[in-house]
Amino acid sequence: MAASSRKDVTNLLIEWGRGDQEALNKLMPLVYDELHRLAGPLLRRERAGHTLQTTALVHEAYLKLVDQRNANWQNRVHFFNAAAQAMRHVLVDHARRHRALKRGGDFCRLSIDKAVISSEEKDADLLDLNEALNSLAAMDPQQSRVVELRVFGGLSVEETAEALGISPRTVKREWSMARAWLHRQLRNQ
């Protein structure tokens, strides 16, 4: 996303936060491609035959975002941070519904990231990953947010640092510790 477009997104988010509904109409075309770019890799990691399509994931996440009446968007990174969280929730909800239908059948699979679990190992199940992230959040909320932003939000180390208001060095350290912890948790499930 170009620097001018990033600034436009930030300005529109602020205007929308102030109640300008026209800003919301202008915002969607600017963020849609970026949301689609984030959703694509998430769904490519899912099991074959997954019924949720990229566009549907983007639309469901976007609806969750715009439904937030009192959202105080600080900037585009804050918005995409929330988008990552919304996509995670949409995928987890979808996996739960699918699991309920299949009664424990072959449900959604998500590879955390090549940096988290080596390619020789099985993909982590999305529901197991969600449970592990919730456990990690109870112990270390910052590490959990780093994982969520990197995996579900597709943010770089620098963007994650900006979103969380910490240094890139801290993000790298937290990412490394969280990967190791998640690796152990998911291997033991």
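This passage describes the surroundings of three residues, Thr160, Asn81 and Ala83, in a predicted model.

Thr160 is placed in helix H7, which spans residues 157-164. Its relative accessibility is 0%, and because buried means under 20% relative accessible area, Thr160 counts as buried. A polar contact is made by the side chain of Thr160, which reaches the backbone oxygen of Ser156 at a distance of 2.8 Å. When neighbours within four places in sequence are left aside, Thr160 is in contact with Val146, Leu149, Arg150, Leu155 and Val171.

The other two residues belong to helix H4, and Asn81 is considered before Ala83. Asn81 has a relative accessibility of 7% and therefore also falls in the buried class. With residues up to four places away in sequence not counted, Asn81 touches Arg145, Leu149 and Ala163; Leu149 is thus listed among the contacts of Asn81 as well as among those of Thr160. The contact between Asn81 and Ala163 joins residues that lie 82 positions apart along the chain, and their C-alpha atoms are separated by 6.8 Å.

Ala83 is likewise found in helix H4, which covers residues 76-102, and with a relative accessible area of 0% this residue is buried. Apart from neighbours within four places in sequence, Ala83 is in contact with Leu35 and Leu65. Between Ala83 and Leu38, which are 45 residues apart in sequence, the distance from C-alpha to C-alpha is 9.1 Å.

Terms used. Residues are numbered from 1 along each chain as its sequence is written. This is a predicted model: local features need pLDDT of at least 70, side-chain atom pairs count only at pLDDT 80 or more; totals for chains, interfaces and linings use all residues. Side-chain values use heavy atoms; hydrogens and water are left out. Helices (H or I, at least four residues) and strands (E, at least two) are DSSP runs, numbered from the N terminus. Buried means under 20% relative accessible area, exposed over 50%, partly exposed in between (1.4 Å probe, protein chains only). A polar contact is a pair of N or O atoms within 3.5 Å; within protein, one must be able to donate a hydrogen and the other to accept it, and residues adjacent in sequence count only if both atoms are side-chain atoms. Contact means heavy atoms within 4.5 Å.
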